[in-house]
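Visitor: I'd like to walk through this model with you, starting with some charged pairs and ending at the metal. Can we bring it up?

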Amino acid sequence: MAYAVNMQETPAVKAFFDPATNTISYVVKDPASNACAVVDAVMDIDYAAGRISYENADALIAYIQENDLKLEWLIETHVHADHLSGAPYIQQKLGGKIGIGENITVVQDTFGKVFNEGTEFQRDGSQFDKLFKDGDTYKIGEMTAFALHTPGHTPACMVHVMGNAAFVGDTLFMPDGGSARADFPGGDAGELYDSIMKVLSLPDEMRLFMCHDYGPNGRDIQWETTVAEEKANNIHVGGGRSREEFIKFRRERDAQLDMPKLIIPSLQVNMRAGEVPTDRDGKPMLKVPVNAI
Ligand SMILES: [Fe+2]
């Protein structure tokens, strides 16, 4: 499939790092207008207390307002398992459309069962404003962006390419961080390898922006690299590691990882496009399924 790559457009990218979840959110500005998109906004939660707040989302909102930007899109690279999405809160204040990959329906079906949701929980992705297919293009002001389907970490993962900037979600980490896990329900190490190869087939100079960084070996947090750097130096897939070697390595590694601290609240909220579920009286309420994940 031919994708709408345009390396001539250089959007301004502002990163926001959340130390509580090691997530990086972005505001991406069209170079030719004041239009912008938000990628992977975070909503804060103190899970022990069941308390939600909006420091991260408010910082993005303040930046957009101070710079007189017009928010057109709120992109979710996937259903995150380690943080809650701040997209609906930002949408309420600034507008814009919330978009995710069309395979959100697969994720909703899987976790609708895990959380024993009733029929009121729609599994058709209708909580989102836009469901992207592989190769779908959309506009941020004058700039053309497109979505690249990159399953493996989850079935709904998409990399979003905006001019010469690609937001890789959880396909890749920085070269010294490697790749994301592939053991969540619907994940697949072989698919993840193929998706990473798809990302690395973008032009060498494409700027890559990470969704997470954990500062391996004590280095400072980083979030930007290039296709060329990942191809040369990625510790999991660089230097010509084979698909078979990657699958074996990834499976062994994943078997040793603990579940993300916030997976239980994150999935319930993010599969609803960032809305907190409610109980039968309409009160915001989260569940903990026992021995189900
Ligand atoms: Fe993720």
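Visitor: Aspartate 254 and arginine 250: buried or exposed?

Guide: Quick note before that: this is a predicted model, where local features need pLDDT of at least 70, side-chain atom pairs count only at pLDDT 80 or more, and totals for chains, interfaces and linings use all residues. Residues are numbered from 1 along each chain as its sequence is written, and side-chain values use heavy atoms, with hydrogens and water left out. Buried means under 20% relative accessible area, exposed means over 50%, and partly exposed is in between (1.4 Å probe, protein chains only). By that yardstick, aspartate 254 and arginine 250 are both buried.

Visitor: How far apart are the closest N and O atoms of aspartate 254 and arginine 250?

Guide: Both residues lie in helix H6 (residues 243-254), 4 residues apart, about one turn of the helix. Helices here are DSSP runs (H or I, at least four residues), strands are E runs of at least two, and numbering goes from the N terminus. The two form a salt bridge (a side-chain nitrogen of Lys or Arg within 4 Å of a carboxyl oxygen of Asp or Glu). Their closest N and O atoms are 2.7 Å apart.

Visitor: Which parts of the chain does the pair of aspartate 204 and lysine 231 tie together?

Guide: Their side chains meet in a salt bridge at 2.8 Å, N to O. Aspartate 204 sits in the loop between H4 and strand S14 (207-209), and lysine 231 belongs to helix H5 (residues 227-233), so the pair ties together parts 27 residues apart in sequence: that loop and H5.

Visitor: Is lysine 231 buried or partly exposed?

Guide: Its partner, aspartate 204, has 33% relative accessibility and so counts as partly exposed. Lysine 231 has a relative accessible area of 38%, which means partly exposed.

Visitor: How many salt bridges does the structure hold?

Guide: Another one joins aspartate 134 and lysine 198, at 3.4 Å, N to O. The structure's count is 13.

Visitor: On to the metal: which residues are the protein donors of the iron ion?

Guide: Donors are N, O and S atoms within 2.8 Å of the metal (3.2 Å for Na, K and Ca), and water is not among the atoms, so sites may look incomplete. Along the chain, the iron donors follow the spacing H-x74-H-x16-D. At 2.1 to 2.4 Å from the ion, they are His78 (NE2), His153 (NE2) and Asp170 (OD).

Visitor: What is the relative accessibility of histidine 78?

Guide: Histidine 153 counts as buried because its relative accessibility is 5%. Histidine 78 counts as buried too, at 1%.
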